[in-house]
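Please open the model in your viewer, with the sequence panel beside it, and follow the stops below in order. Each stop says what to select and then what is found there.

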Amino acid sequence: MVYFKYGKAFHDLRIQHGFSLSAFEELGIAKSTLSNFENGKSMLSFDRLDFALQKMNVSPLDYSLMINNGEQDNYISIFDEIEHAYYQRNIKQLQYIYEINKEGSNEQKLIAFSARGLYRRLTIEELNEIEFYLKGVQFWGFFELSILANIGDKLDNSIINNIIDDLRYDKAYYENNLYYRVLIYRFFYKIIFKFIDSEKKKRLKKF
């Protein structure tokens, strides 16, 4: 399930820091709720997750690293390569990144789609995979925001609206992280151009 890696990362951190399931009841998180989250059956709201991480003295960045199996540096390198190839109009490099990642893990496939979406139209199946993944996101870390920065404008408008609402709700957190802020701005710029191209002036003005 999409939720599984979020719950597993939290479980590993909880055990590592010596907290029981009941230790979070004072935050309004029942044992059953936390157990379901850790087993991938449900998702915690961002504010509850944030409070739980604070209780363990774990930063959102550390949690993000746990979610991505400590591969954040590798993701930064790959997405930097995608960005460089895009601005250099190096289609062959984008195609190469797509080819070597398209048959890999779920994360690698999303990286592949992020590269492909910059030089050609994504298939309905590829868009469905991206949207399915992003619908389950509660914590927008570097990996997820990099996908948005590259191909967020290709998503269904209803999903775009939901993502924007999420980012606005947690605005203070993202404003304090330069990496995240730059990626969000890139996503916003692409949405603005999408609205301009489709002549949706009312939506553009509101955005």
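**Two helix pairs**

Begin by selecting helices H7 and H9, which are roughly parallel to each other (the word is used for angles under 35 degrees, while over 145 counts as roughly antiparallel, 65 to 115 as roughly perpendicular and the rest as oblique). Before going further, note that this is a predicted model, in which local features need pLDDT of at least 70 and side-chain atom pairs count only at pLDDT 80 or more, whereas totals for chains, interfaces and linings use all residues. Residues are numbered from 1 along each chain as its sequence is written, and side-chain values use heavy atoms, with hydrogens and water left out.

Helix H7 covers residues 106-116 and helix H9 covers residues 142-151, and their axes come within 9 Å and cross at roughly 25°. Helices here are DSSP runs of H or I with at least four residues, numbered from the N terminus; axes are lines fitted to C-alpha atoms, for helices over the stretch in contact, and angles run from 0 to 180 degrees between N-to-C directions. The crossing of H7 and H9 is left-handed, a term for a near helix turned anticlockwise from the far one by less than a right angle (clockwise would be right-handed).

Keep H7 on screen and add H6, whose axis lies 8 Å from that of H7, the two packing at an angle of about 160°. That angle makes H6 roughly antiparallel to H7, and H6, too, passes H7 in a left-handed crossing.

**Salt bridges**

How many salt bridges does the count come to? The count comes to seven, a salt bridge being a side-chain nitrogen of Lys or Arg within 4 Å of a carboxyl oxygen of Asp or Glu.

Select Lys8 and Asp12, whose side chains meet in one such bridge at 3.0 Å, N to O. The two residues are four apart in helix H1 and are therefore separated by about one helical turn. Lys8 is partly exposed at 39% relative accessibility, and Asp12 is partly exposed as well, at 28%; buried means under 20% relative accessible area, exposed over 50%, and partly exposed in between (1.4 Å probe, protein chains only).

Next, select Glu26 and Lys55, which form a salt bridge with an N to O distance of 2.9 Å. Glu26 belongs to the loop between H1 and H2 and Lys55 to helix H3, so this pair ties together parts that are 29 residues apart in sequence. Of the two partners, Glu26 is exposed at 64% relative accessibility, while Lys55 is partly exposed at 25%.

Then move to Glu83 and Arg186, whose closest N and O atoms are 3.5 Å apart in another salt bridge. Because Glu83 lies in helix H5 and Arg186 in helix H12, the pair ties together parts that are 103 residues apart in sequence. Is Arg186 buried or exposed? Arg186 is buried, with a relative accessible area of 16%, whereas Glu83 counts as partly exposed at 25%.

**Two loop residues with positive phi**

Most residues other than glycine have a negative phi. Select Asn57, in the loop between helix H3 (46-55) and helix H4 (60-67), where phi is near 60°, a positive value in a residue other than glycine. Asn57 is exposed, at 71% relative accessibility.

Arg89, in the loop between helix H5 (72-87) and helix H6 (91-101), also has a positive phi, near 55°. With a relative accessible area of 60%, Arg89 is exposed.

**A surface patch and a buried loop residue**

Now select Tyr185, Tyr189, Phe193 and Ile196, which make a nonpolar surface patch of about 450 Å². Patches are made of residues with over 30% relative accessible area and no salt bridge, like charges being joined within 9 Å and nonpolar side chains (Val, Leu, Ile, Met, Phe, Trp, Tyr) within 5 Å; accessible areas come from the Shrake-Rupley method with a 1.4 Å probe, and for residues only the protein chains shown count as cover. Phe193 lies in helix H12, residues 178-197, and counts as exposed at 53% relative accessibility.

Finish at Phe24, in the loop between helix H1 (4-16) and helix H2 (31-38), which is buried at 0% relative accessibility. From Phe24 to Ile196 the C-alpha to C-alpha distance is 47 Å, with their positions 172 residues apart in sequence.
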